[in-house]
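Reader: I have a structure to go through before lunch. Can you walk me along it?

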Amino acid sequence: MFKDGSDSATTKLNPLVRQILSHSPNKLRFTAELNLFTREHMLKSEDEVKLNIERAANILEQADCLIIAAGAGMGVDSGLPDFRGKEGFWKAYPALKEAGIEFSSIAAPQSFISNPPRAWGFYGHRLALYRNTIPHDGFRILKKWADNLDFGYSIFTSNVDGQFQKAGFDSQRIVECHGSIHHLQCMDTCRSAIWEATDFEPLVDETKCELMNASPTCPHCGSTARPNILMFNDWNWIEDRTEQQQLRQQLFWSKVKRPLVIEMGAGTQIPSVRHFSHRIIHEYNGRLIRINPTDSKVPTPMDIGLQMGALEALRLIDAELMSR
Ligand SMILES: NC(=O)c1ccc[n+]([C@@H]2O[C@H](COP(=O)([O-])OP(=O)(O)OC[C@H]3O[C@@H](n4cnc5c(N)ncnc54)[C@H](O)[C@@H]3O)[C@@H](O)[C@H]2O)c1
Ligand SMILES: [Zn+2]
C-alpha cells in the first residue's frame with residue numbers, strides 16, 4: 001500500500017477573489033488588496049509546485065512499477081504537434097485548413113476512398129515526421145526510473161508515433177490503443193494481415209498535403225494499404241496487434257501491487273488515455289501523477305496534478321530524487 005498524503009495546498013482562486021470583492025466597496029482599496037492577493041497567490045503557486053514535485057518523488061519512491069500513460073502532448077517537447085482543437089490541427093496542416101478539412105474527416109477511412117493521394121499526403125507526412133523525430137530527454141528519465149523498480153514499467157499510449165520504441169522501451173511492454181502509423185493493413189481487409197511500413201518511403205508535397213509517389217499496396221490482393229490506426233468512423237481497423245499488446249499488459253497487472261501512473265499530454269476530447277489512468281486508480285489501487293500544461297486536474301486528493309509540460313515536470317521530479 002502507498003502511504004497517504006492528501007492535497008492540502010489546493011488554492012481556490014475564484015472564491016477568494018469574491019471574498020475580497022465583497023469586503024472592498026472602495027475601488028482603490030480593492031485594487032491594492034487584489035495586487036497583494038495576486039502576489040501571494042503566485043508565491044503560493046510556486047510553493048504548491050514545489051510541494052507537488054516532492055510528493056511526486058515520494059510516491060515514485062514507494063511504487064513497485066511505473067505505468068506510463070501518454071497522449072499527443074508527450075511529443076510536444078520533441079517538437080511534434082498535438083492536434084488540440086481545430087486551430088491546433090490546422091496550424092500543423094495549413095493545406096487542409098485552406099481546403100476546410102478537419103482532423104476528423106482526413107483521419108477517416110473514407111478519405112482513402114475519396115482522395116487517396118491526400119489521405120496519404122497527411123499520413124505519409126506524419127510517418128516521415130515521426131521517423132525523423134528524436135524523443136526528448138523525458139523519455140530517458142522515465143526509463144531510468146522504471147529500470148530501478150521491482151516490476152519495471154508498462155506503457156499505454158494513444159500515440160501512433162512509435163516514439164517509446166524509438167527511445168529504447170521494450171515493444172513487448174507497450175499498448176498502442178489506437179494502433180501504429182508504422183504498420184499497415186489492407187483497405188479492403190482481404191485478410192487480417194498487419195505488416196510493417198518500413199518499405200514505404202512517402203514523398204509528400206506539403207503545400208498541397210499530397211502524396212507524390214505511389215501509395216503502398218496490400219501484398220495479398222493489391223488494394224491500397226492504409227495505416228493500421230483506429231480512425232474516425234472506422235469499422236475496418238484490424239485490432240489484432242493492439243489486442244495482443246493488451247493481453248500482455250493484463251498479465252503484467254496480475255503481478256504488481258503499487259502501480260504508479262505517470263500520465264502526460266492526454267487531452268480531454270478523445271479521453272482514452274485518461275480513462276485508462278482512472279481505471280488503474282480504481283481497479284488496482286494505483287496512484288496518479290498527471291502532467292499537462294492546461295488540463296492537470298486529478299480525480300482524488302491522493303493524486304498529483306502538475307500544470308506544466310512533460311519534459312519540465314520530469315526534469316523537476318528527477319532533480320528532486322537526485323537531491324535526496
Ligand atoms: N504523436 C501522435 O501519435 C499523435 C499526435 C496527434 C494526435 N494523435 C491522435 O489524436 C488523438 C488526440 O488525442 P490526445 O488527447 O492524444 O491529444 P490532444 O491533441 O487532444 O491533446 C493534447 C494534450 O497535450 C497537452 N500538452 C500540450 N503540450 C504539452 C506538453 N509540452 N507536455 C505535456 N502535455 C502537453 C495539451 O494540454 C492537451 O491536453 C489521439 O487519438 C491520438 O492517437 C496522435
Ligand atoms: Zn488485401
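Author: Yes. Bear in mind that this is a predicted model. One pairing to begin with: leucine 184 has proline 227 in strand 8 as its bridge partner.

Reader: How many bridges join strand 4 to strand 8?

Author: Five, and the two strands run antiparallel. Strand 4 covers residues 179–186.

Reader: What's the strand order in that sheet?

Author: The order is 5-4-8, in an open sheet of three strands with antiparallel pairing. Strand 5 (194–196) and strand 8 (225–229) each have a single partner strand, so one side of each has no neighbour in the sheet.

Reader: And how far are neighbouring strands turned against each other, on average?

Author: By 50°, ignoring direction.

Reader: Now the other sheet. Which order do its six strands take?

Author: They go 3-2-1-9-10-11, with parallel pairing, and this sheet is open. At its edges are strand 3 (174–176) and strand 11 (304–306), each pairing on one side only. From one strand to the next, the twist averages 15°.

Reader: What packs on it?

Author: Helix 10, residues 240–253, which touches strand 2 (153–157) and strand 3. The direction of helix 10 makes about 140° with that of strand 3.

Reader: Give me some detail on strands 9 and 10. How many bridges there?

Author: Five bridges join strand 9 (residues 259–264) to strand 10 (residues 287–291), and the strands run parallel. In strand 10, isoleucine 291 stands opposite methionine 264.

Reader: Switching to helices. How do helix 8 and helix 12 cross?

Author: Their axes come within 9 Å and cross at roughly 40°. That angle is why helix 8 counts as oblique to helix 12. The crossing is left-handed.

Reader: Which residues meet there?

Author: From helix 8, Asp137, Gly138, Ile141 and Leu142; from helix 12, Ala310, Leu311, Leu314, Arg315 and Asp318. Sorted by class, the contact has five nonpolar, one polar and three charged residues.

Reader: Where do those helices sit in the sequence?

Author: Helix 8 is residues 137–147 and helix 12 is residues 310–322.

Reader: Last topic, the ligand. How many residues surround ligand 1, and which are the closest?

Author: There are 28 around ligand 1, and the closest are Gly71, Gly73, Gly265, Gly267 and Gly309.

Reader: What's the class breakdown of that shell?

Author: The shell around ligand 1 has 11 nonpolar, 12 polar and five charged residues.

Reader: Fine. That's what I needed.

Notes
Residues are numbered from 1 along each chain as its sequence is written. Chains are lettered from A and ligands numbered from 1 in the order in which they are written. This is a predicted model: local features need pLDDT of at least 70, side-chain atom pairs count only at pLDDT 80 or more; totals for chains, interfaces and linings use all residues. Two strands pair if DSSP finds at least two bridges between them. Helices (H or I, at least four residues) and strands (E, at least two) are DSSP runs, numbered from the N terminus. Axes are lines fitted to C-alpha atoms, for helices over the stretch in contact, and angles run from 0 to 180 degrees between N-to-C directions. A residue is near a molecule or strand if its C-beta atom, placed from the backbone, lies within 6 Å of it. Ala, Val, Leu, Ile, Met, Phe, Trp, Tyr, Cys and Pro count as nonpolar, Asp, Glu, Lys and Arg as charged, and the others, Gly among them, as polar. Angles under 35 degrees count as roughly parallel, over 145 as roughly antiparallel, 65 to 115 as roughly perpendicular and the rest as oblique. A crossing is left-handed if the near helix is turned anticlockwise from the far one by less than a right angle, and right-handed if clockwise. Two residues are in contact if their C-beta atoms, placed from the backbone, lie within 7 Å.
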